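Here is a short tour for someone meeting this structure for the first time. Have a look at the sequence and the model, then read on.

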Amino acid sequence: MSRLVSILLIILGSISGYGSDRATADFLGDEFAVLWEEPAASYLAEKTARYTYETEIVVDNGRRLGLVLYGTRSEYFCLIDKIEVYDGEKLIQSGLVEEAVMAEWGEGGSYYTESVREDGGISVADMNFDGAGDICLQGWVTNGANVPCYYWLWDKETEQFSYAFCLCNAETDKEHRQIICHMRDGANGYDTEYYAYDEKGKLQKIRYEYEDYHALIKKLPFRNYVPDGK
């Protein structure tokens, strides 16, 4: 069951007149009423199917590693809950997804990513300019053009992938060693965020630009940019 449905159930349960689980089920209809008539696991078993997706990634010195994604096909999305990393037939790392979800959202709930694609929207790119491939996996499904992705960077010393950050529509600028995110802001605007690594290897936002096609293009230095609510 997607986060959207889960949130809807919680909201409806708190609305006056739908204070009981039974009333909420009646409001949602027969398809969801089954959640209160039989175990949730049974319901999910009928609505979902497990699968695996295999691909590979090239890290330092041309070393090829195998990636196995474990997912569930739901009615609308493909949910990835585990990634295994193989060096030949040897399993060298397992998990990853839980690490990313906990870093961004904290403990509790379900640890999975969402995509309309069976491969979870996975891609490979060198996100820290060290010559090794890093893992990118779509975080969740949105209604717009902005696609959030979780990123795990390859560590040559530990020979492991470590969760690093979550960004939307990220592209790398190797010449300037920057990561650039072009994001849609409504029907007539675009946000562009520029990131670079500091001396400690931490990714920092260094510039922000806004383009509004109802007026002249505005370019705002990052020091004057204050995110909403901060």
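## A buried aspartate

Let's start with Asp-191, which sits in strand 12 (residues 189-197). Strands here are DSSP runs of E, at least two residues long, and helices are runs of H or I of at least four residues, both numbered from the N terminus. Before going further, note that this is a predicted model: local features need pLDDT of at least 70, side-chain atom pairs count only at pLDDT 80 or more, and totals for chains, interfaces and linings use all residues. Residues are numbered from 1 along each chain as its sequence is written, and side-chain values use heavy atoms, with hydrogens and water left out.

What is the nearest side chain of opposite charge to Asp-191? That is Lys-205, 8.8 Å away, and Asp-191 has no salt bridge although it is buried. Buried means under 20% relative accessible area, exposed means over 50%, and partly exposed is in between (1.4 Å probe, protein chains only). For charge, Lys and Arg count as positive and Asp and Glu as negative, while His and the chain ends are not counted. A salt bridge needs a side-chain nitrogen of Lys or Arg within 4 Å of a carboxyl oxygen of Asp or Glu.

Asp-191 does have a polar contact, though: its side chain and that of Tyr-208 are joined at 2.3 Å. (A polar contact is a pair of N or O atoms within 3.5 Å; within protein, one must be able to donate a hydrogen and the other to accept it, and residues adjacent in sequence count only if both atoms are side-chain atoms.) Leaving aside neighbours within four places in sequence, the residues in contact with Asp-191 (heavy atoms within 4.5 Å) include Cys-181, His-182 and Glu-209.

## The sheet around it

Strand 12 belongs to an open antiparallel sheet of four strands, ordered 10-11-12-13. Strand 10 (170-173) and strand 13 (203-212) are at the edges with a single partner strand each, so one side of each has no neighbour in the sheet. Two strands pair if DSSP finds at least two bridges between them. Strand 10 and strand 11 (residues 178-185) manage four, running antiparallel, and one partnership across them is Glu-171 with Ile-180.

The loop between strand 10 and strand 11 holds Arg-177. This residue is not a glycine, yet its phi is positive, about 50 degrees. Most residues other than glycine have a negative phi. Arg-177 is partly exposed, at 47% relative accessibility.

## A second sheet

Another open sheet has four strands in the order 6-7-8-9, again with antiparallel pairing. Strand 6 (123-125) and strand 9 (160-168) are its edge strands, pairing on one side only. Inside the sheet, four bridges link strand 7 (residues 134-138) to strand 8 (residues 148-155), and Leu-137 stands opposite Tyr-150 in strand 8.

## Salt bridges

How many salt bridges does a search of the whole structure find? The search turns up nine. One pairs Lys-205 with Glu-193 at 3.3 Å, N to O. Lys-205 is in strand 13 and Glu-193 in strand 12, so this pair ties together parts that are 12 residues apart in sequence. Lys-205 is partly exposed at 21%, whereas Glu-193 is buried at 11%.

Arg-207 and Glu-209 form a salt bridge too, with their closest N and O atoms 3.3 Å apart. Elsewhere, Arg-63, Asp-87 and Glu-159 are linked in a salt-bridge network.
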